[in-house]
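Here are my comments on the model, set out point by point. Please read them with the structure open.

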Amino acid sequence: MSILKNKNILLGITAGIAAYKSANLVRLFIKAGANVKVVMTPASKDFVTPLTLSTLSKNPVYSSFVDDDDDSHVWNNHVDLGLWGDYFVIAPATANTMAKMANGVCDNILLATYLSSKCPVYFAPAMDLDMYKHQSTKESFRKLTSFGNKLIPAGTGELASGLVGEGRMAEPEDIVSFIEKDILDQLPLRGQRVLITAGPTYEALDPVRFIGNHSSGKMGFEIAKAASNLGAEVVLVTGPTHEKITHNFVTVKPVVSAEEMYNEVHLHFKASDIAILSAAVADYRPMNVANQKIKKKDSTFTIELEKTKDILKSLGEIKTHQYLVGFALETNNELEHAKGKLVSKNLDLIVLNSLQDKGAGFGVSTNKVTFITSSNTIIENELKSKSEVAKDLMQLILKQNHA
Ligand code: CTP
């Protein structure tokens, strides 16, 4: 999944021959899952038609301040357009447009949108080699990058003039990769490894029966999403669940029993920076697992249970640099019990769920939690979707971990 999924991309097109490649650029952004709106300089319409671009982007294309095709002469609001974009990509960016951008000239809708936008701006220059090398162009690059705009360097090759050299607009695929990498590099958890447990565990009684619980795994999966959206590489160790996740940065490790979860977690813990254990692990398992299906005989049946290993506690005992987060599901004396677990399991943070709160706990998509840190900061939260809770949790970890 691309980091551009569901992002709003404003694509600015100026009058260079490379504008014909912009149609492909729209396609690639759409394929990456982005929403695209195109804004063009009037002269660029000689190189690529608005009809092509509106068809590919599935949105109207803007090239003048007033919609001339409309008898009511509707004003195209460049301010709204500028604010709509999460990213503004100007490709191709001609010497003329760059010089205007560098000097605040605003004589077309693309430039007005540029001046109105607050989002990151990328520009991909395209021109002939002597223009590219010219001191004036270099001055435009210098000024534009000093404003925080990002230059996607032109490539070297055969140019429309027949000359060979620098000035060819970067290929659309390279423009998309450049932007994706740039966004990823700025994510706060880029380069961090996060280990997460989720779901229930099933403890076998015989080949067909087990002792389990009602955990859906939703909370852990939402945490995996939130962490990976912040750029982390996530290992998600999950018990049996119907939840699904597809994200380039998430590796799912399915397990069934507490013992399997323990082993899998220990395989990854040392290399992790953050570990968040949200699984509802069975505290006990049958002492003996029958090889064959157990037949009914007597009117009562007793199962002897033994304790499983406490995964969270075992990590608290060996942690070095890792930031360790546990969950506590309590029904009474909640704060006291949660604080007790925070200390006894050597945690940095504990997330308290109280089953007394309506909408919190198993199977539902909402949760009401209290965060308690090892420095005794207590943050009570409203009832929220599990996705919001996961985002809040990751923000708090970021704050604590990088304080
Ligand atoms: N946990 C774990 N391994 C276990 C049991 C629990 O890693 N064998 C983790 C859970 O993932 C959770 C935390 O420990 O993060 C708290 O689990 P909970 O069942 O609420 O607490 P327990 O320590 O098991 O204590 P009790 O059941 O007595 O409340």
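**Notes on the predicted model**

1. Lysine 150 and aspartate 182 form a side-chain salt bridge, with N and O 2.8 Å apart. Lysine 150 sits in strand E6 (residues 150–151) and aspartate 182 in helix H8 (residues 172–185), so the contact ties together parts that are 32 residues apart in sequence. Keep in mind that this is a predicted model. Is aspartate 182 buried or exposed? Aspartate 182 counts as buried, because its relative accessibility is 18% and the cut-off for buried is under 20%.

2. Helix H8 also holds a local pair. Aspartate 185 makes a salt bridge with lysine 181, and the closest N and O atoms are 2.7 Å apart. These two are four residues apart in helix H8, so about one helical turn separates them. Their exposure is worth noting. Aspartate 185 is partly exposed, at 40% relative accessible area. Lysine 181 is exposed, at 51%; the cut-off for exposed is over 50%.

3. A third pair joins lysine 309 and glutamate 259, again through a side-chain salt bridge (2.9 Å, N to O). This one links distant parts of the chain, 50 residues apart: lysine 309 is in the loop between E16 and H11, while glutamate 259 is in helix H10 (residues 258–269). Lysine 309 counts as partly exposed at 38% relative accessibility. Glutamate 259 is partly exposed too, with a relative accessible area of 26%. Which residues make up the network around this pair? Glu259, Arg285, Glu306 and Lys309 are joined into one network by salt bridges that share partners. For the whole model, the salt-bridge count comes to 17.

4. Now the hairpin. Strand E7 (residues 155–158) pairs with strand E8 (residues 164–168) in the antiparallel sense, over four bridges. One of the partnerships matches glycine 157 with glycine 165 in E8. Five residues lie between the two strands. In that turn, glycine 162 has a positive phi of about 100°.

5. Look next at the surface. Tyr284, Phe301, Ile303 and Leu305 form a nonpolar patch there, with about 380 Å² of accessible area together. Isoleucine 303 belongs to the loop between strand E15 (284–286) and strand E16 (305–307). With a relative accessible area of 34%, isoleucine 303 is partly exposed.

6. The largest pocket deserves a figure of its own. It holds about 870 Å³ of space. How many residues line the largest pocket? The lining has 35 residues, and those nearest the centre are Ala279, Ala280, Val281, Asp283 and Phe327. At least two lining residues come from each of these elements: strand E9 (193–198), helix H9 (218–229), helix H11 (311–318) and strand E17 (323–330).

7. A last remark, on threonine 49. Threonine 49 is in the loop between strand E2 (35–40) and helix H2 (50–57). Its relative accessibility is 40%, so threonine 49 counts as partly exposed. Alanine 19 is 30 residues from threonine 49 along the chain, and their C-alpha atoms are separated by 9.6 Å.

Notes
Residues are numbered from 1 along each chain as its sequence is written. This is a predicted model: local features need pLDDT of at least 70, side-chain atom pairs count only at pLDDT 80 or more; totals for chains, interfaces and linings use all residues. Side-chain values use heavy atoms; hydrogens and water are left out. Two strands pair if DSSP finds at least two bridges between them. Patches are made of residues with over 30% relative accessible area and no salt bridge: like charges are joined within 9 Å, nonpolar side chains (Val, Leu, Ile, Met, Phe, Trp, Tyr) within 5 Å. Accessible areas come from the Shrake-Rupley method with a 1.4 Å probe; for residues, only the protein chains shown count as cover. A salt bridge is a side-chain nitrogen of Lys or Arg within 4 Å of a carboxyl oxygen of Asp or Glu. Buried means under 20% relative accessible area, exposed over 50%, partly exposed in between (1.4 Å probe, protein chains only). On a 1 Å grid over the protein atoms alone, a cavity is a set of points where a 1.4 Å probe fits but cannot get out, and a pocket is an open set with protein on both sides within 12 Å along at least five of seven lines; lining residues have an atom within 4 Å of a point. Grid points are joined across faces, edges and corners, and a volume is the space filled by probe spheres set on the points.
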